[in-house]
Every structure is written in structure tokens, then in C-alpha cells.
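User: I would like to go through this structure by question and answer, with the reasoning shown at each step.

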Amino acid sequence: MRRRKAPPAAVVDPAVQVGPLQLPGPIVAASGTFGHGDEVARSCDPTALGAVTAKSLAAYEWPGNPAPRLHPAPGGGMLNSVGLQGPGVAHWVDAELPALRRCGARVIASIWGRTVGEFDEAARLLAPAAAELVAVEINVSCPNLEDRARVFAHDPDATRAVVNAVVARGLGLPILAKLSPNTSELLEVARAAIDAGADALTLVNTVVAFAVDPNTRLPVLGAGNGGLSGPPIKPVALRAVHDVTRALPGVAVLGTGGVNSGLDAVEMLMAGASAVGVGTATFRDPRAAVRIHDELLAWCAAHGVTRVADLTGCLEEGDV
Ligand SMILES: Cc1cc2nc3c(=O)[nH]c(=O)nc-3n(C[C@H](O)[C@H](O)[C@H](O)COP(=O)(O)O)c2cc1C
């Protein structure tokens, strides 16, 4: 892997803190967009990032959804229905995590499940790797088989139960709950996750969406619905970050959704995020996360901001 040239004169302190998670930089690769192991890290120096979130893993190998799984969306967006394909936690810990760590990445593991028990099992399997991780993200944007496949993250009680189970495993790592924007109960779900012991929130996962092929008269994606990501969802993510951080002062948020430039990252921080996730931008350009980091620091330098952390929630607004 080619290490990038360090940007000139470190006049801006890039360090941020997401709850108890201290990161040397504000940009975090978002789950599912930076591979399982060192695939992307071979072209994008992960040491320049605050952390890398690995693709979500279940307690078992999971095949994901039928093809097609990816489709372009208007405005530079992307639709995906990958469906959480993955090798399972134990295989990842043995076969993929070491390569990512060798690249110098600070790794956030991400787990998912279809029952509370499956989340618990995924957390149990992660325990032997805890020393190699900086945090665990719980992806609650998946269907709960014990409640008619209702998405955990759309239900405060289900979210509370999952976070409780993972916290009870005592991994000794900061825990982030990654929430869905596809609910009118976002604030209640966010509160439930924090009450159950999550140290911080990641906002947001993809926006549920659909595409039609007029020629075949079929849905474009093999799974029917998919998740919209990239620039079109930036306002959705900003809204979620802003609402949650205003309603729950003191709760740290990793703001994710549609960030494609340093300026986008500035907006996310000002809206209330403590750090910024970058996902879809990496598919267009594997080095996007580092570019966004450099652009953000350049913006700070040009605007007399000496600490990136000072941008968090600095939006000037009255009682809107
Ligand atoms: C192809 C693809 C796969 C994804 N896989 C996951 C995943 O495994 N777990 C997860 O929590 N989020 C997953 N996401 C969601 C992203 O982590 C991120 O929350 C979302 O895409 C919004 O950020 P973006 O607009 O910067 O991509 C995935 C997104 C994409 C585009």
C-alpha cells in the first residue's frame, strides 16, 4: 500500500472524541463500504482516518440478497440491496481482521442479527478480538424475526433489547448503535439505545428505496427494495443528526450519509456530529475518505478553526 504524503503544517488539530471513543481524525469509513479486510485499505491509507468500520457481520455466514444488488440513483446516489452478505464473525476475526490491522487501521467491528439472541452470539464471538478493535457498532437496521420482521431500529423496545444484550457481554469497548432514518420514532429509538448502554450513535443507515425497470417491467433490484445512499441522503442524515443531538444533549453522534467533500463534513459536524462517516463516496473513489479528511482540515485552516472538534454543534440558530 502506498502511504500518502502528509498534508502541510499541522495547524489544525484533527482529533475528535465520539463519546468515550478517542479518534486521531474525524473521518470514519462507513460499514459495508470499505470491505471486510484490507481490500480498500490497499489503495486508501487507513492510518489517515479516524477509524475504519468493517462490514456488518452476523454470528454465521450469510449469503446476502439475489442479484442485481447495485443500481445508480439520481443525483449521484446509489441503491444497494447487498443484504449483509458476510463470512460470519469468527471467520472475519481469523481471516480478515488481521490484514486490516496490518494496514494500521483502527477498526470498528459491526454486528447484526435477526433475533436478540443472534446479536448476543455475534458479540460473544467478537470477544476474542476485542483487543484488536477500537469499538463495536451494532447495526440494528435489520429485520427482527421475533416481531414479524419489523426492523429493530424502528422499535425502541427491540433496540433496547439488542443494545442491552451486547452491553451485557462486557467487551470492554465503546458501543455505537447505528440507527435507521426510516422511522418516525428516531428520537425514541435513539433514547432507548442510550438508556440501554450505547456510548454513542451512528446516524444514519441507508434510506429505504425502490427502482423500476420500464423495459422489463420488473423491479431493478433482485430483492425489490434497496437502500439509497450518497449525496441525495445528505439532508436526511443532517436532519437526523441535528434532531437527535438537540433532543439528547451530550449524546455523541457519528454523522453518516451523503458526505462527499470536506464541506459536507463541516456541515455534518456543525449539525451536531462528533465525527463523520464516509460510505458511498468510497465506491466512486477508493481514496475519497482521505481526500475528505484533507479538505476538511484545509477548510478549518482557511476559517481560523484550530480544532476540528470545535465544529461539533456550532450551528448558530435560535429556538427553531
Ligand atoms: C453497498 C453498501 C453496503 C452497506 N453495508 C452496510 C453494512 O453492512 N452495515 C451497515 O451498518 N451499513 C451498511 N451500509 C450503509 C453505510 O454504512 C452508510 O450508513 C450509508 O450508506 C450512508 O452513508 P453514505 O451516503 O456515505 O454511503 C452500506 C451501504 C452501501 C452503499
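Analyst: Please bear in mind throughout that this is a predicted model. We can begin with the backbone, where Ala-149 is partly exposed, with a relative accessible area of 39%.

User: Where does Ala-149 lie, and what is its phi?

Analyst: Ala-149 belongs to the loop between β9 (143-144) and β10 (150-151). Although this residue is not a glycine, its phi is positive, at about 60°.

User: Which peptide bond involving Pro-68 is cis, and what is its omega?

Analyst: Pro-68 sits in the loop that runs between β4 (51-53) and β5 (70-73). The cis bond is the one from Ala-67 to Pro-68, and its omega is near -10°.

User: Which residue is joined to Val-204 by a cis peptide bond?

Analyst: Val-204 is placed in the loop between β12 (200-203) and β13 (207-209). The bond in question has an omega of about 15°, and the residue it joins to Val-204 is Leu-203.

User: How are the buried residues of helix α2 arranged around its axis, and what covers them?

Analyst: In α2, which spans residues 116-126, the buried residues are Glu-118, Phe-119, Ala-122, Ala-123, Leu-125 and Leu-126. They lie on the same side of the helix, because the arc they cover around the axis is only 160°. Among the elements that cover these buried residues are α1 (89-102), β7 (107-111), β8 (133-139) and α3 (156-168).

User: Which salt bridge in α2 links residues about one helical turn apart?

Analyst: Arg-124 and Glu-121 are three residues apart in helix α2, and therefore about one helical turn separates them. Arg-124 is partly exposed, at a relative accessible area of 38%, and Glu-121 is likewise partly exposed, at 28%. Their side chains meet with an N to O distance of 2.8 Å, so the salt bridge asked for is the one between Arg-124 and Glu-121.

User: Glu-137 is buried and has no salt bridge; which side chain of opposite charge is nearest, and with which side chain does Glu-137 make a polar contact?

Analyst: Glu-137 is located in strand β8. The nearest side chain of opposite charge is that of Lys-178, 4.2 Å away, and since a salt bridge requires the nitrogen to be within 4 Å of a carboxyl oxygen, this pair does not count as one. The polar contact, at 2.7 Å, is made with the side chain of Thr-202.

User: Which residues come nearest to the ligand, and which backbone atom lies 2.7 Å from one of its oxygen atoms?

Analyst: Of the 23 residues around the ligand, the nearest are Ser-31, Ser-56, Lys-178, Gly-258 and Thr-280. Two of these, Ser-31 and Lys-178, are also touched by Glu-137. A polar side-chain atom of Lys-55 lies 2.9 Å from a ligand oxygen, while the 2.7 Å distance belongs to a backbone N or O atom of Ser-31.

User: Is Asp-147 buried or exposed, and what about Arg-148, its salt-bridge partner?

Analyst: The side chains of Asp-147 and Arg-148 meet in a salt bridge at 2.8 Å, N to O. Asp-147, with a relative accessible area of 16%, is buried, whereas Arg-148, at 73%, is exposed.

User: What separates Glu-295 and Arg-291 in helix α8, and how far apart are their closest N and O atoms?

Analyst: Glu-295 and Arg-291 are four residues apart in helix α8 (residues 288-302), so they are separated by about one helical turn. They form a salt bridge, and their closest N and O atoms are apart by 3.1 Å.

Conventions: Residues numbered from 1 in each chain as written. Predicted model: local features only at pLDDT ≥ 70, side-chain atom pairs only at ≥ 80, totals over all residues. Heavy atoms only, no water. Helix = DSSP H or I, 4+ residues; strand = E, 2+ residues; numbered from the N terminus. Buried < 20%, exposed > 50% of the residue type's maximum accessible area, 1.4 Å probe, protein only. Arc of directions from axis to C-beta. Contact = heavy atoms within 4.5 Å. Lys, Arg positive; Asp, Glu negative; His and termini not counted. Polar contact = N/O pair within 3.5 Å; in protein donor to acceptor, adjacent residues only side chain to side chain. Near = heavy atom within 4 Å. Lists of a residue's contacts leave out its neighbours within four places in sequence.
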